[in-house]
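User: I am new to this structure and would like to learn how to read it step by step. Could you take me through it?

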Protein chains: 2
Amino acid sequence: VQVQGQFFMVDCGEGTQLQAKKYGVKLSKIDHILISHLHGDHFYGLIGLLSTMHLYGRKKVLNLVCPPGLSEIILIQMKHSQTYLNYKINCIEWVPNEPQLVLDLPKLTVHTIPLHHSVACSGYLFREKPKMRRLNAEVIPERLNVAQIIALKNGEDILNDDGTIKYENKAVTLPAAREFSYAYCSDTKYLPGLAKMIQKVDLLYHEATFMEDMKDRAENTFHSTAAQAALVAQSAEVKQLIIGHFSTRYRDLNLLLDEAMLIFANSSLAREGEVFEIK
Amino acid sequence: VQVQGQFFMVDCGEGTQLQAKKYGVKLSKIDHILISHLHGDHFYGLIGLLSTMHLYGRKKVLNLVCPPGLSEIILIQMKHSQTYLNYKINCIEWVPNEPQLVLDLPKLTVHTIPLHHSVACSGYLFREKPKMRRLNAEVIPERLNVAQIIALKNGEDILNDDGTIKYENKAVTLPAAREFSYAYCSDTKYLPGLAKMIQKVDLLYHEATFMEDMKDRAENTFHSTAAQAALVAQSAEVKQLIIGHFSTRYRDLNLLLDEAMLIFANSSLAREGEVFEIK
């Protein structure tokens with residue numbers, strides 16, 4: 001996930017480093033890793049990634065947002081391999097079953113979204129903070145200094161030396177861009193109550209391991225169907241839905257997409273390498 | 001490593017499952033996994049492999065030969081993912097710095113080979129046990145029963161009812177095939193004393209991370225040069241040497257091979273997917 005120059009890795013299965021290389025994702029840019037739960041397909045690639053960052057000379061602090069227990073797993077491996085990282089990991093282990101603010105960055109926040117899986121599991125809600133107004137360069141006849149630009153972006157007027165208004169803010173700026181939001185809901189059984197936590201997000205990723213014909217199996221294994229993912233999207237009035245985490249039994253993923261689209265039209269498949277941009 | 005129908009995986013870095021798939025190695029056939037030391041490139045793929053064996057319904061016991069500490073690393077991950085394997089792992093943690101018998105199977109033994117690396121590290125010596133004599137079917141005029149065949153293979157004669165010799169063993173059997181041996185010496189600094197532990201093995205794998213121009217760096221990082229690997233092969237009078245574990249700084253691996261071959265002619269590179277057969 002990229003937001004205004006900040007790079008986040010969300011879950012990290014075995015082989016993530018190879019995939020990052022394949023798709024041109026620069027590991028050195030990633031300052032935040034978020035793990036949803038401690039099943040292998042979501043974190044077995046993490047320890048190798050942390051080691052690689054060390055070998056590549058990383059010095060910057062890395063935020064690691066994760067379920068309780070992951071720091072213990074990492075530390076025990078570092079101990080036995082006698083590895084002492086060159087960089088600090090700021091490990092933020094959340095409390096299961098309650099929404100929490102886990103990252104408060106200058107331009108956005110990330111909260112956990114409590115899910116219901118066979119082990120402690122949280123999704124993540126990315127929300128941009130209110131943005132600054134944008135300068136309307138066309139109507140400003142002179143070159144402004146940095147202090148003036150910041151003042152205008154903050155919604156202030158520019159005054160003359162005698163205290164009169166030189167530029168009225170609304171006359172020379174445009175409204176701030178809208179704040180975007182993204183909700184990542186990894187492994188979970190169908191949770192109708194989820195919708196109220198992710199109301200009107202611009203983009204929702206929701207797992208869809210099965211189709212409706214396997215609804216019972218979904219329930220028993222704490223997973224969702226494509227239709228259930230779409231119901232959450234519909235009920236939360238999100239703008240766009242991505243479904244993923246498909247059981248290998250489905251050769252033709254379009255069947256899952258069709259099932260979702262019957263309920264929520266603006267649905268897409270999370271195919272390997274696919275990029276989704278919110279504008 | 002395959003020996004008379006037994007399959008061994010020796011070390012297991014991240015992505016090993018993908019490589020196994022690529023090269024047609026059936027994971028279900030593997031009954032023994034041996035780990036040389038607890039650096040990531042030698043074991044980060046293990047936990048995922050164990051999980052996959054579980055998901056694929058494995059029931060057979062798996063022998064896991066490894067350094068002290070690996071069982072703790074595995075158990076803590078199983079605990080947090082609440083995974084209870086369907087099969088038993090027979091974990092054989094060796095004692096560092098002394099050669100030990102770690103597997104005693106019907107047709108072969110495996111001993112540790114103490115190495116000198118920055119963490120506890122052992123190579124593994126595979127030795128076939130003496131084989132049975134082979135029947136010379138051409139000179140036996142009748143169909144033998146199972147008891148007679150076993151007797152002959154064990155070197156016994158076949159007697160008539162009156163106690164006289166019907167078939168003298170040496171007349172109807174051929175000598176047993178020779179026992180083969182393979183030594184795997186993973187990460188280690190140059191150990192001249194190694195040679196006496198692996199005298200006359202048919203095949204030696206020895207790491208060769210650097211070339212002689214980086215001899216000091218090899219020494220400081222507890223690795224070997226291609227020439228040092230060849231010196232061990234020469235001194236141990238092995239039949240064939242494979243070098244591997246090359247630093248990524250070497251684009252042209254033939255330079256390492258040339259360095260080894262100057263000292264030990266029958267050397268080969270451990271290239272991805274290469275297969276070596278002892279006959």
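**Reading the interface and the sheet**

Analyst: Let us begin where the two chains meet: between chain A and chain B, 7 residue pairs are in polar contact, with both residues at pLDDT 80 or more. On the side of chain A that touches chain B, helix 1 (16-22), helix 3 (46-55) and helix 4 (70-80) of chain A each supply at least two residues, and helix 4 of chain A gives the most, with 6 residues. The residues of that side divide into 8 nonpolar, 14 polar and 3 charged.

User: How much confidence does the model carry, and where does it come from?

Analyst: This is a predicted model, with scores of ipTM 0.85 and pTM 0.89. Chain A averages a pLDDT of 96, and 100% of the residues score at least 70.

User: How many residues of each chain are in contact, and what area do the chains bury between them?

Analyst: In the interface, 25 residues of chain A are in contact with 25 residues of chain B. Chain A and chain B bury about 1,900 Å² between them, and 56% of this lies on carbon and sulfur atoms. Within chain A, Glu14(A), Tyr44(A) and His80(A) lose the most area to chain B, together making up 33% of what that side buries.

User: What should I look for in a salt bridge?

Analyst: In general, side chains of opposite charge can pair when their charged atoms come close. Here the rule finds 2 salt bridges across the interface of chain A and chain B, and in a salt bridge between the chains the side chains of Glu72(A) and Lys79(B) meet at 3.9 Å, N to O. Over all chains, a search of the whole structure finds 22 salt bridges, including one between Asp31(B) and Arg58(B), whose closest N and O atoms are 2.9 Å apart. Asp31(B) lies in strand 3 (residues 30-34) of chain B and Arg58(B) in the loop between helix 3 (46-55) and strand 4 (62-66) of chain B, so this pair ties together parts that are 27 residues apart in sequence.

User: Which order do the strands of the sheet in chain A follow, and how are they paired?

Analyst: As a general idea, strands of a sheet pair through backbone hydrogen bonds, either parallel or antiparallel. In chain A, an open sheet of 5 strands has the order 1-2-3-4-5, with mixed pairing. Strand 1 (2-3) and strand 5 (89-93) of chain A stand at the edges with a single partner strand each, so one side of each is left without a neighbour in the sheet. Strand 4 (residues 62-66) of chain A pairs with strand 5 of chain A in the parallel sense over 5 bridges, and the bridge partner of Asn63(A) in strand 5 of chain A is Asn90(A).

Key: Residues numbered from 1 in each chain as written. Chains lettered and ligands numbered in written order. Heavy atoms only, no water. Contact = heavy atoms within 4.5 Å. Buried area = accessible area lost by both parts, 1.4 Å probe. Salt bridge = Lys/Arg side-chain N within 4 Å of Asp/Glu carboxyl O. Polar contact = N/O pair within 3.5 Å; in protein donor to acceptor, adjacent residues only side chain to side chain. Helix = DSSP H or I, 4+ residues; strand = E, 2+ residues; numbered from the N terminus. Nonpolar A, V, L, I, M, F, W, Y, C, P; charged D, E, K, R; others polar. pLDDT = per-residue confidence, 0-100. Pairing = 2+ DSSP bridges.
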